Amino acid sequence: MDREAVGTADLGRLRVEISQHGHSAVFTPTGELDHHTAQLLARPLTEAVDAGTTRLVIDCSGLEFCDSTGLNVLLGARLRAEAEGGEVHLAAMRPTVARVFEITGAEAVFTVHDTLDEALQE
């Protein structure tokens, strides 16, 4: 896979790695996405769309927890990307995180993939 590392950010309970794969910006949050850590993911998502990247892939394989604030960050990124003709793909959600999307109905508004490789193939 031809991934180019772009950057990382860390706030103790959440680490976000950012890489480029073709036309997709790949965000890999690891840890807990909640009220205290949400801006660590929100900021680079916003910056990516502002810079013209409209295909965002969130690799959720390392995401252990996501509360309503984290969910709102992802929904906001989706709205921004779609307003620019883009999209947000979610990949490799753990069962506890997937359950939040299922309970809230948010899974219906995202393209969800079982693996990161599947998300990058489109």
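Hi everyone, let's start with one residue: Glu 32 has a relative accessible area of 28%, so it counts as partly exposed. Please keep in mind that what you see above is a predicted model.

Glu 32 has a partner. Its side chain makes a salt bridge with Arg 13, and the closest N and O atoms are 3.0 Å apart. Arg 13 sits in the loop between β1 (3–10) and β2 (14–21), while Glu 32 belongs to strand β3 (residues 24–33), so this pair ties together parts that are 19 residues apart in sequence. Arg 13 is itself partly exposed, because its relative accessibility is 36%.

Now, Arg 13 also meets Asp 34 in a salt bridge, again 3.0 Å from N to O. Asp 34 lies in the loop between β3 and α1, so here the parts being tied together are 21 residues apart in sequence. Is Asp 34 buried or exposed? It is buried, because its relative accessibility comes to 6%, and the cut-off for buried is under 20%.

Let's move to another pair. Glu 87 and Arg 55 form a salt bridge with an N to O distance of 3.5 Å. Glu 87 is in strand β6 (residues 87–91) and Arg 55 is in strand β4, so the bridge links parts 32 residues apart in sequence. Glu 87 is partly exposed at 34%, whereas Arg 55 is buried at 10%. Back to the earlier trio for a second: shared partners join Arg 13, Glu 32 and Asp 34 into one salt-bridge network. How many salt bridges does the structure hold? Seven.

Next, the helix. Helix α1 covers residues 38–50, which is 13 residues. At 1.5 Å a residue the helix should span 18 Å, and its end C-alpha atoms are 18 Å apart, so the two agree. Its buried residues include Leu 40, Leu 41, Leu 45 and Val 49. Just past the helix, Gly 52 takes a positive phi of about 100°.

Right after that comes Thr 53, in the loop between α1 and β4 (55–59). Thr 53 counts as buried because its relative accessibility is 18%. Setting aside residues up to four places away in sequence, it touches His 23, Ala 25 and Ala 48.

Last stop: Val 112, in strand β7 (residues 111–113). With a relative accessible area of 40%, Val 112 is partly exposed. Beyond its neighbours within four places in sequence, it is in contact with Leu 90, Met 93 and Glu 107. Val 112 and Val 57 are 55 residues apart in sequence, with their C-alpha atoms 9.8 Å apart in space.

Thanks for listening!

Definitions and conventions. Residues are numbered from 1 along each chain as its sequence is written. This is a predicted model: local features need pLDDT of at least 70, side-chain atom pairs count only at pLDDT 80 or more; totals for chains, interfaces and linings use all residues. Side-chain values use heavy atoms; hydrogens and water are left out. Helices (H or I, at least four residues) and strands (E, at least two) are DSSP runs, numbered from the N terminus. The expected span of a helix is 1.5 Å times one less than its number of residues. Buried means under 20% relative accessible area, exposed over 50%, partly exposed in between (1.4 Å probe, protein chains only). Contact means heavy atoms within 4.5 Å. A salt bridge is a side-chain nitrogen of Lys or Arg within 4 Å of a carboxyl oxygen of Asp or Glu.
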